[in-house]
Amino acid sequence: MLKVFFVLSSFIICQVLSEIRLLYGLIGEGFVSPFELDSLNEDLFGERWEEPGELTPSGMRQMYILGHRDQLSYQELLSKQYNPNEIKMRSAYYNDTFVQAQSYFSGLFPYLTGPNLSGYQRNVAYPPQGKLGYGNFDQELFGPAALPNNNNPANFEITSDMEFKFGFLYGTENYCKPLVKLNAENIKLNSTRAILSQIKDRFGSQLKEALRLPSLDSLDDFDLVYTIMEQFLQGFNVRKLHKRLTDVGIDLSELNKTAIQFMNYSDYEVYNNHPNEDELKVNYVFSTYANEMQNFFDLKLDLDVKGLEYNKENLPPKITLNHVPKSVISSLLKALNLHLKTKMDYVKYASSLYFEFTRPDNLDNTKLGYNDYFVNIYLNDERLITVNYKTLRDIFDDAWSERRARWNCDLNPFETWGFQNAAITLGVLLGVVCVACLVLLCMICLGDNKNELQEEDKPKDTEKNEKIVA
């Protein structure tokens, strides 16, 4: 018992005296407008939005506050002045993700510590979509109503849907062919039918009237109910009136609880539950980040042992963040639950999942090893677990390779090997075929020339005899 006490005490002391050496994280999207709107830009409930799939002013504010929270939490890790080399964020190439990244960076560094921008620079960098904005996006909303003026420029890396690694995550549900089938099977489960029945029994007649559904049986359609609950949450979070719902007597607070319960079920029982396929989506998403995290953490440990502090030549950056859909964070939470028995929770808008790489600050650098480092894993402000890096590294070692994940998704060669690699391979194969054809053609030509020479070299008498015989 005494031995356990001393071990526990030393662990607690190490955590109290530890310092963060590196932060790796994922940030979920802020409040966005629904993607499926009618010709009047109205959702299922008759609520009007500026544009489909765009970040709302509330979403901008969310991301700014998230950045400011991180400024307060990691001010000892970051420089006091704006330094774009210390942090890197990945973001998809969509309009709303540009603005999300810009909003986050606006809060991350102390106010007005960024460089002074010229008028031209401000037009193209504040906000990032330029002076005229995207479509009907109102640039004025990016001012005092949502964010402070004179904010810091964003330093983020753009990824496309079809990029070999991170961009693929934005379309996993559509690109991974077996996943489409597995998700469809989960929609047919008894537990799925049960939760749909509960919603129909509780709100069916009211939703039928409010949404003008042809019958109550329409609520047996999982995809329709998913769209209803998602659009309701998007509007409820930004305080839409939802008059069609209140007019038929629906308590919005009660529907909000039901919607969260349904979306939570969807995240973990439909889209992240494929045990017979070796947890296909969970392993793919986990591997995407696990491999890089291990490389970053190992490199930082090596720099610590050598006594080298951070500078722009020494990678990785102090903070690496990935702006991702909420569903990606759900997949990571499911992976952590499988490996470390951490709890799974509903992923709210603007959620963050952070991995803090820490070490005790009272040890000799040259004697540091895997067992001296710990990783604190946080979902928003809640610590999920603190795990010894050696333990986490063993889990990282089992992560799938990128190629294996794409192979298991049954993709075509270009998608499996990456467009650049596939193009190179195809070019090499075509080159080999062309060379082989040329060699064969040369051999045929040489053969014809040889026959002609033999004909020319025949003795005259032989030719005369051949004519006589003929």
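**K343 and E382**

I looked up K343 and found a relative accessible area of 41%, so K343 is partly exposed. The classes I use are buried for under 20% relative accessible area, exposed for over 50%, and partly exposed for what lies in between, with a 1.4 Å probe and protein chains only. The model is predicted, so I note that local features need pLDDT of at least 70 and side-chain atom pairs count only at pLDDT 80 or more, while totals for chains, interfaces and linings use all residues. I number residues from 1 along each chain as its sequence is written, and side-chain values use heavy atoms, with hydrogens and water left out.

K343 and E382 have side chains that meet in a salt bridge, with 3.1 Å from N to O. This pair links distant parts of the chain, 39 residues apart: K343 sits in the loop between α12 (326-340) and β5, and E382 in strand β7 (residues 382-388). I take a salt bridge to be a side-chain nitrogen of Lys or Arg within 4 Å of a carboxyl oxygen of Asp or Glu. Helices (H or I, at least four residues) and strands (E, at least two) are DSSP runs, numbered from the N terminus. E382 has 36% relative accessibility and is therefore also partly exposed.

**Other salt bridges**

How many salt bridges does the rule give? I get a count of 22.

I then looked at R359, which forms a salt bridge with E19; their closest N and O atoms are 3.1 Å apart. Here too distant parts of the chain are linked, since R359 is in strand β5 (residues 352-360) and E19 is in strand β1 (residues 18-28), 340 residues apart. Is R359 buried or exposed? R359 is buried, because its relative accessible area is 8%. E19 is at 27%, so I enter E19 as partly exposed. The two residues belong to a network of salt bridges that links E19, R21, D304 and R359.

E254 and K257 are a salt bridge within one element. Their closest N and O atoms are 3.7 Å apart. Both residues lie in helix α10 (residues 252-270), three residues apart, which is about one turn of the helix. E254 is partly exposed at 31%, whereas K257 is exposed at 55%.

**Helices α11 and α13**

Two packed helices are described by the angle between their axes and the distance between the axes. I looked up helix α11 (residues 280-305) and helix α13 (residues 389-397): their axes come within 9 Å and cross at roughly 135°. The axes are lines fitted to C-alpha atoms, for helices over the stretch in contact, and angles run from 0 to 180 degrees between N-to-C directions. On that angle I enter α11 and α13 as oblique to each other. Angles under 35 degrees count as roughly parallel, over 145 as roughly antiparallel, 65 to 115 as roughly perpendicular, and the rest as oblique. The crossing of α11 and α13 is left-handed, a term for a near helix turned anticlockwise from the far one by less than a right angle (right-handed if clockwise).

**Positive phi**

Most residues other than glycine have a negative phi. Which phi does N41 have? N41 is not a glycine, yet its phi is positive, about 60°. I place N41 in the loop between β1 and α2 (57-73). R212, also a residue other than glycine, has a positive phi near 55°. R212 lies in the loop between α7 and α8, and at 62% relative accessibility R212 is exposed.

**C-alpha separations**

D221 is in the loop between α7 (190-211) and α8 (222-237), and is partly exposed at 39%. Its C-alpha atom is 9.4 Å from that of R193, 28 residues apart along the chain.

G59 in helix α2 is buried, with a relative accessible area of 0%. The C-alpha atoms of G59 and E29, 30 residues apart along the chain, are 8.0 Å from each other.

L321 belongs to strand β4 (residues 319-324) and is buried at 0% relative accessibility. Between the C-alpha atoms of L321 and S352, 31 residues apart along the chain, I read 9.6 Å.

**Nonpolar patch**

Which residues make the nonpolar surface patch of about 290 Å²? V435, V439 and M443 make the patch. Patches are made of residues with over 30% relative accessible area and no salt bridge; like charges are joined within 9 Å, and nonpolar side chains (Val, Leu, Ile, Met, Phe, Trp, Tyr) within 5 Å. Accessible areas come from the Shrake-Rupley method with a 1.4 Å probe, and for residues only the protein chains shown count as cover. V439 is part of helix α16 (residues 419-456) and is partly exposed at 45% relative accessibility.
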